[in-house]
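Visitor: I should like to learn how helix packing and strand pairing are read from a model. Please take me through an example.

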Amino acid sequence: MRDVAVVGAGPAGLAAAVEAAEAGLGVTLIDTAAQPGGQYWRHYDQTHARPDDHLGHHGWSVFTRLRARLDALRTAGRIHYLPGHQVWLITREPSGPFTLRVTAATADNRPAGPGRTLTAQALILCPGGYDRQLPVPGWDLPGVMTAGGAQALLKGHRTPAGKRAVVAGTGPFLLPVATGLARAGVTVAAVVEANGTLGWLRSPAGAASAPGKSVEALRYAALMARHHIPYRTRTVVREVLGTDRAEAVRVARVDREGRPTGPDEEIAADLVAFGWGFTPSLELPLMLGARTATDTDGSLVVAVDDRQRSSVDGLYVAGEATGVGGAALAVNEGRLGALALAAERGRLADPALMSRLGAAVRRGRRFAAAMHRTYPLPRAWPEWLTDSTLVCRCEEVAYGDLRRAHHDLGAEDARTLKMLARPGMGWCQGRVCGLATAGIAAWLSGRETGVDDLRPLATRSLAVPVPLGELAALVEETTPPEAAEEGGRNGD
């Protein structure tokens, strides 16, 4: 049994693991990827490829220092590192240790028998997040993908996803995606931003909390100009056009609510990269009953105190699961949570350092709140949909199916929509369509989206798909021998 298990080796998890180990705790670090860094510091190969800023590798020196500390601590036996593995279930007896069920992330690495079981006295969960998506007519055509997916292909495989692209949605993440594609040789026909850019003026204190971001924005503006990339504000992609794949998009100017105010215009593109911000991955903390809240951007997040402690004793959460705010904030949260845990366990933890990290986290949260207020999801986005627009691609549930479930069958909330029309019941278990389904449920009922809409589609019995053999092994472990014998006598 280890003192602490850290799940996720992105900015928050990597920082938490090394800080906890250096404070004297025994650490197990578990991560899905084959190498540390997470999505933000995703890279092709740490030996043969040099990361580039234009691919989104900002703060690379921070990562390399963390990675060097990780390597040293692994060599010293203070961190047990499990790359290429994922946690699919966490359980806990009252007042006992946490039990983590772990399986290989890919079939090639999966052993013939069931996966392993790990135990830890405490947990630091840093599961990160993924692109959130809003459906539009034609978004299911080949050639349409998330902005994060387009960037991941560049970072991890040096592969552009198309030849002529439109990058659309909202938020500053559109800029590194567009400029990265352009520097990889893709013609970026337009960046289509749903909001204006003057929203920062409403939160000057928040904008000033991260002065380095202004410099970063100027660099992207210069790159956009150098590559002649049009930047269209208060504009959305209303439809993706094409027969067998994406061929063009139909865009229109919109008001603050997202309602069209002008004529449509077509832009040719074989790649459409949508980015509407990020959705925190909450399967593991919700599995343990952690209390949640709604963040400034409307996302469901884990509620933590000023030391990253959740409502569950012994459970700390850091990074995007507590609110999307960028890699620098995630690193500070991971370090703070690890030191808080170390202090709680009687280990040396510098109070002055913890105070500085707490202040840095508060500044980062102010900046994140200002960013979310500047780039909100357009409130009236459901008006872009037609009855035939797919909302849940796994189960092929269209917007018309959801409307009928609401109007004809009385489905007032996301849980009932899911039960009656099946969105979120397919392979992704609502990871892609969950936010949209929750928003549609609220929209049809004439209210704002809240925790009660979001939580049912974020809660999953298993965090990831696992082989049936591992589920069978779990049943065998939890079935008393006398019960098994009784079942056999009864012919069950």
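Guide: The dialogue below treats helix packing first and strand pairing afterwards. This is a predicted model, in which local features need pLDDT of at least 70, side-chain atom pairs count only at pLDDT 80 or more, and totals for chains, interfaces and linings use all residues. Residues are numbered from 1 along each chain as its sequence is written, and side-chain values use heavy atoms, with hydrogens and water left out.

Visitor: At what angle do helix 10 and helix 11 pack?

Guide: Two packed helices are described by the angle between their axes and the distance between the axes. Axes are lines fitted to C-alpha atoms, for helices over the stretch in contact, with angles from 0 to 180 degrees between N-to-C directions; helices are DSSP runs of H or I with at least four residues, and strands runs of E with at least two, numbered from the N terminus. Helix 10 (residues 399-407) meets helix 11 at about 110°, the axes lying 10 Å apart. The two are therefore roughly perpendicular (65 to 115 degrees).

Visitor: Which residues make the contact?

Guide: With contact meaning heavy atoms within 4.5 Å, D401, L402, A405 and H406 of helix 10 meet L417, L420 and A421 of helix 11.

Visitor: How many residues of strand 9 are buried?

Guide: Buried means under 20% relative accessible area, with a 1.4 Å probe and protein chains only. Strand 9 (residues 164-169) has five of its six residues buried.

Visitor: In which sense does strand 9 pair with strand 10?

Guide: Pairing requires at least two DSSP bridges between two strands. Strand 9 and strand 10 (residues 187-193) pair in the parallel sense over six bridges, and V167 has V191 of strand 10 as its bridge partner.

Conventions. Angles under 35 degrees count as roughly parallel, over 145 as roughly antiparallel, 65 to 115 as roughly perpendicular and the rest as oblique. Buried means under 20% relative accessible area, exposed over 50%, partly exposed in between (1.4 Å probe, protein chains only).
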